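Work through the exercises below with the sequence and the coordinates at hand. Each task is followed by a worked solution.

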Amino acid sequence: MQREPVERIVIGEPRQPNGQPSENLQRVQQFVNRWRKAHPEVPIEYYDERFTSVLAHQAMLDGGLHKKARRDKALVDEISATIILQSYLESKRK
């Protein structure tokens, strides 16, 4: 936010495959509440993150990444975040 203007933050909303909240949702909500208190000028929107890890792993396979790279949780999370943001932006075009 110090280097670039930020219009909003999109954060993955952890849910189970059946749509029910996952056990991680409470931790995410705690983070969001702290963020909103510290930065009330920047809104946060939740976006369903179901299946993004599966899609990230598939993208890694399709990209030819080796098994060791596919085990890198930070890389999986980065690709998942990209998928969440891309899906969010596509949903706003409709």
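**Exercise 1.** What handedness does the β-α-β unit made by β1, helix α1 and β2 have?

Solution. The model is a predicted one. Begin with the strands: β1 covers residues 9-13 and β2 covers residues 44-48, and the two run parallel, joined by five bridges. Next, identify individual pairs. V10 stands opposite E45 in β2, and E13 has D48 as its bridge partner. Finally, add helix α1, residues 25-38: with β1 and β2 it makes a β-α-β unit that is right-handed.

**Exercise 2.** Classify the packing of helix α2 against helix α4, and list the residues involved.

Solution. Step one is the geometry. The axes of α2 (residues 52-62) and α4 (residues 73-93) come within 8 Å, crossing at roughly 110°. Angles of 65 to 115 degrees count as roughly perpendicular, so α2 is roughly perpendicular to α4.

Step two is the contact list. From α2 come T52, S53, L55, A56, H57, A59 and M60; they meet L75, V76, I79, S80, I83 and I84 of α4. Sorted by class, this contact holds nine nonpolar and four polar residues, and no charged ones.

**Exercise 3.** Where in the chain is confidence lowest, and where is it highest?

Solution. Start from the whole chain: the average pLDDT is 89, and 99% of the residues score at least 70. Then go by element. Helix α3, residues 67-70, has the lowest confidence, with a mean of 78, while α1 has the highest, at 95. As a rule for reading such models, predicted coordinates should not be read in detail where pLDDT is low.

How values were computed: Residues are numbered from 1 along each chain as its sequence is written. This is a predicted model: local features need pLDDT of at least 70, side-chain atom pairs count only at pLDDT 80 or more; totals for chains, interfaces and linings use all residues. Side-chain values use heavy atoms; hydrogens and water are left out. Axes are lines fitted to C-alpha atoms, for helices over the stretch in contact, and angles run from 0 to 180 degrees between N-to-C directions. Helices (H or I, at least four residues) and strands (E, at least two) are DSSP runs, numbered from the N terminus. Angles under 35 degrees count as roughly parallel, over 145 as roughly antiparallel, 65 to 115 as roughly perpendicular and the rest as oblique. Contact means heavy atoms within 4.5 Å. Ala, Val, Leu, Ile, Met, Phe, Trp, Tyr, Cys and Pro count as nonpolar, Asp, Glu, Lys and Arg as charged, and the others, Gly among them, as polar. Two strands pair if DSSP finds at least two bridges between them. A crossover is right-handed if, with the strands pointing away from the viewer, the path from the first strand over the helix to the second runs clockwise. pLDDT is the predictor's confidence in each residue, from 0 to 100.
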